[in-house]
Amino acid sequence: MRYSRSFQVFRMIFRERYREPTLELVLPTMLVANIFLNAYYERSGFQLLGIVLAFVPIISVSETLAFAIGFRNIVYVTGDHIYKGGIISFITTPISRSKIFLYIYISDVIIPLIFWLLTTLAYATMAGISIPPLVLLTFIVGYFFSENIIFTLTLTLRSPGIITLASLFVIGGIFIFGGIGLYYLLLKRSIEELYLLSFMNPYLLWIGQAEGGKFMPIIISGITADALIAIALFVSSFMIFRRLEL
């Protein structure tokens, strides 16, 4: 069977990132790692708090693994190709740069997210746990927010070592210092200022919501801000890639 050139390029990009035994190891690990969802849910009396805690980054091994795979793909595969000039073999193929960017983005960013969604929803279904759609959306938007920051830094800085340090500094600063700021504002009950920092760490607001707070409008505001920033970063990355000179 003859495949189109576009499909051949996509298959080459995909296989480079997910060669055996990557899928055989990642998917079962993600599925089993969701035991934290069940554990926190039961220990919290089958309440929303348990689901929220189980979804907090780092605690949730499954979503942390999805982020790590995306990070690896962007920095140490795509970024390495750009740094060493290997990307030329892709951008000189007889398909548009727009398609190449889309194939790289799907392989680097979207596929790890699909792995996480499929394994998490499968486990939740088998365990009889109903995950609120907005909690899922919070992670999905936060995932794109973080990975798009890394993608933009990769196309701008190019050196994998510098990108890694810059990514950890930027993303860590946003979530850690944002979390500290949100916690302080929660103690002060400063609602207006909470809106300003809501995009930095919505999980802290979810914990407050699960404990009986009324932060849903602020959570939605934070998710919306994260989504808009993620879209802006995606467009920025696309424009940089189209003008990429090596």
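**Exercise 1.** In this predicted model, decide whether Asp108 is buried or exposed, and then work out which side chain meets that of Asp108 in a salt bridge.

*Solution.* Begin with the accessibility: Asp108 has a relative accessible area of 0%, and because buried means under 20%, Asp108 is classed as buried. Next, look for the partner, which is Arg17, with N and O 2.3 Å apart in the salt bridge. Arg17 belongs to helix α1 (residues 5-17) and Asp108 to helix α7 (residues 97-127), so the pair ties together parts that are 91 residues apart in sequence. Arg17, at 3% relative accessibility, is likewise counted as buried.

**Exercise 2.** Find which residues are joined with Arg17 into one network by salt bridges that share partners.

*Solution.* Arg17 also meets the side chain of Glu16 in a salt bridge, at 3.2 Å from N to O, and Glu16 is partly exposed, with a relative accessible area of 23%. A further salt bridge links Lys84 to Asp80, whose closest N and O atoms are 3.6 Å apart; these two residues stand 4 residues apart in helix α5, which means that about one helical turn separates them. Through shared partners, then, Glu16, Arg17 and Asp108 form one network.

**Exercise 3.** Establish where helix α5 is kinked and which residue follows the helix.

*Solution.* Helix α5 (residues 61-84) reaches 32 Å from its first C-alpha to its last, close to the 34 Å expected. The kink, of about 25 degrees, is centred on Thr78, and the residue that follows α5 is Gly85, with a positive phi near 85 degrees.

How values were computed. Residues numbered from 1 in each chain as written. Predicted model: local features only at pLDDT ≥ 70, side-chain atom pairs only at ≥ 80, totals over all residues. Heavy atoms only, no water. Expected span 1.5 Å × (residues − 1). Bend = angle between axes of the 7 residues up to and from the residue. Salt bridge = Lys/Arg side-chain N within 4 Å of Asp/Glu carboxyl O. Buried < 20%, exposed > 50% of the residue type's maximum accessible area, 1.4 Å probe, protein only.
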